[in-house]
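Biologist: Could you take a close look at the ligand and its surroundings for me? I would like to know what lines the site and which polar contacts are there.

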Amino acid sequence: MARSDFDVLIAGGGFAGLTLAIALRQALGASFAVAVVDPGLGRAAAADDERASAIVASVRRLFETLGVWQRVAADAQPILDMVVTDSRLGDAVRPTFLTFAGEVEPGEPFAHMVENRIVVDALTTAARELGIELRSAAVTDFTVSAAAGEAPSHPGRVEARLSDAGVLNARLLVAADGARSTIRSKAAIATHGWSYGQSAIVVNVAHARDHHGRADEHFLPAGPFAILPLKGNRASIVWTETTADAERIMALPQAEFDAELEQRFKLHLGEIKVIGRRRMHPLGFFVARSFIAERIALIGDAAHLIHPIAGQGLNMGLKDVAALAEVVVDAARLGLDPGALDVLERYQRWRRFDTMAMGMATDGLNRLFSNRSDALRLVRDVGLGLVDRLPVLKRLFIREAAGLVGDVPKLLRGEAL
Ligand SMILES: Cc1cc2nc3c(=O)[nH]c(=O)nc-3n(C[C@H](O)[C@H](O)[C@H](O)COP(=O)(O)OP(=O)(O)OC[C@H]3O[C@@H](n4cnc5c(N)ncnc54)[C@H](O)[C@@H]3O)c2cc1C
């Protein structure tokens, strides 16, 4: 009979859920039972995800430590250079306000671009090879049985009901089930946040000339237009517009869509050609009021959603993973209950403030740049120009964006648990 009792049950087999399962299995071995449930498992959930993500240096160190980076490295494009411009759509020339050379340490790029499906496939394969229980179902509800009054040998548990009528028990249920988290709402955890009224059009292009690992972020009045280098002569475009304009552009016939794209992309990489489908993602911001509830921990987009302006959403989720894995492993090694409140509180203290700070920073950046005010444009261009002339500040920004500043969990420093 299939097992139904686990130490940790993870709902959601995206980046965050699978990485957490692998980290726990590698640190604690097979006697610490971990399961991942996701309705998309087994049918290449990410196959229709055309997005690519910037994996920053600290997260690459985590993937390397877990033996996952080795599976994606050949498809990962290092970002060697970043260029920031600030102009109007019709401007013939886009002056460069800020440039970053892309290394956090000599020979260690600030970030790599990798397509999401390649990373999720590598994580799924690694989890299977490690013998982690993977089940293709959704968590539909759960109940927590309190520890109060029970013998310490029989601490409280959470009982999760699944869409395939199964029931699983665990000492800790981790919500890694994305921005519309069922577990967060069933746990009655509210969120602070708002919609931006903006959407990102995401599309990949092939281009004639070599990008030399250069990423461009063009701040246009409707929002950022990012050209992010992929392996080969290809790039991932994240193109922000008001939602009404994004809907209009998404509905255009190919030739007109291409014309809108070229107006923003320009021709510095020669001829461009759209490959794959266009996708549209509405953009919003929220942070959960609490990252924990009784026997529940929220990680990744279930805990927070931020604007992609700085490409940090997934990286923040993996910081949650590294912090939660570390507190759970510390507790388990001492023979303590991994779902106990003090363990979860340690996780929340570690992550919530940092998340608010990054969330507000990306929100502020979006407000500063996504507008048509000439006065604000002058302020930000003076600011960008100043940063560009201060190498020490630039280095600090790069290290901060790479996730290497502050109280960094072990896995993100490249240390095994
Ligand atoms: C346009 C755009 C560009 C981006 N670019 C970047 C970037 O460059 N860098 C970066 O760091 N981040 C980026 N992000 C953010 C990043 O994509 C997300 O933060 C990341 O995918 C979140 O991973 P996750 O594992 O938390 O959630 P998800 O990837 O959403 O995974 C959630 C999983 O949970 C499963 N699930 C849902 N409900 C249930 C349930 N009830 N039970 C069980 N399983 C369930 C789903 O099937 C899914 O597999 C970008 C986002 C957007 C919109």
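Modeller: Happy to help; here is a walk around the ligand, followed by a look at one residue of a helix that lines the site. Please keep in mind that this is a predicted model.

The ligand is surrounded by 27 residues, and the closest are D38, V139, D301, G311 and L314. By type, that shell holds 12 nonpolar, 11 polar and 4 charged residues. Several elements contribute to it: α1 (15-28), β3 (52-56), β14 (191-207) and α8 (313-333) each provide at least two residues of the shell. Helix α8 gives the largest share, with 3 residues.

Now to the polar contacts. R51 places a polar side-chain atom 3.0 Å from an oxygen atom of the ligand. Backbone atoms take part as well: a polar backbone atom of N315 is 3.0 Å from a ligand oxygen, while a backbone N or O atom of G313 lies 3.4 Å from a ligand nitrogen. As for cover, the ligand taken alone exposes 1,000 Å², and the protein buries 83% of that.

Since α8 supplies the largest share of the shell, let us stay with that helix for a moment. D320 is found in α8, and this residue counts as buried because its relative accessibility is 0%, below the 20% cut-off. The side chain of D320 makes a polar contact of 2.7 Å with the side chain of H304. Beyond its neighbours within four places in sequence, D320 is in contact with I299, G300, A303, H304, Y347, R351 and T355.

Definitions and conventions. Residues are numbered from 1 along each chain as its sequence is written. This is a predicted model: local features need pLDDT of at least 70, side-chain atom pairs count only at pLDDT 80 or more; totals for chains, interfaces and linings use all residues. Side-chain values use heavy atoms; hydrogens and water are left out. A residue is near a molecule or strand if one of its heavy atoms lies within 4 Å of it. A polar contact is a pair of N or O atoms within 3.5 Å; within protein, one must be able to donate a hydrogen and the other to accept it, and residues adjacent in sequence count only if both atoms are side-chain atoms. Accessible areas come from the Shrake-Rupley method with a 1.4 Å probe; for residues, only the protein chains shown count as cover. Helices (H or I, at least four residues) and strands (E, at least two) are DSSP runs, numbered from the N terminus. Ala, Val, Leu, Ile, Met, Phe, Trp, Tyr, Cys and Pro count as nonpolar, Asp, Glu, Lys and Arg as charged, and the others, Gly among them, as polar. Buried means under 20% relative accessible area, exposed over 50%, partly exposed in between (1.4 Å probe, protein chains only). Contact means heavy atoms within 4.5 Å.
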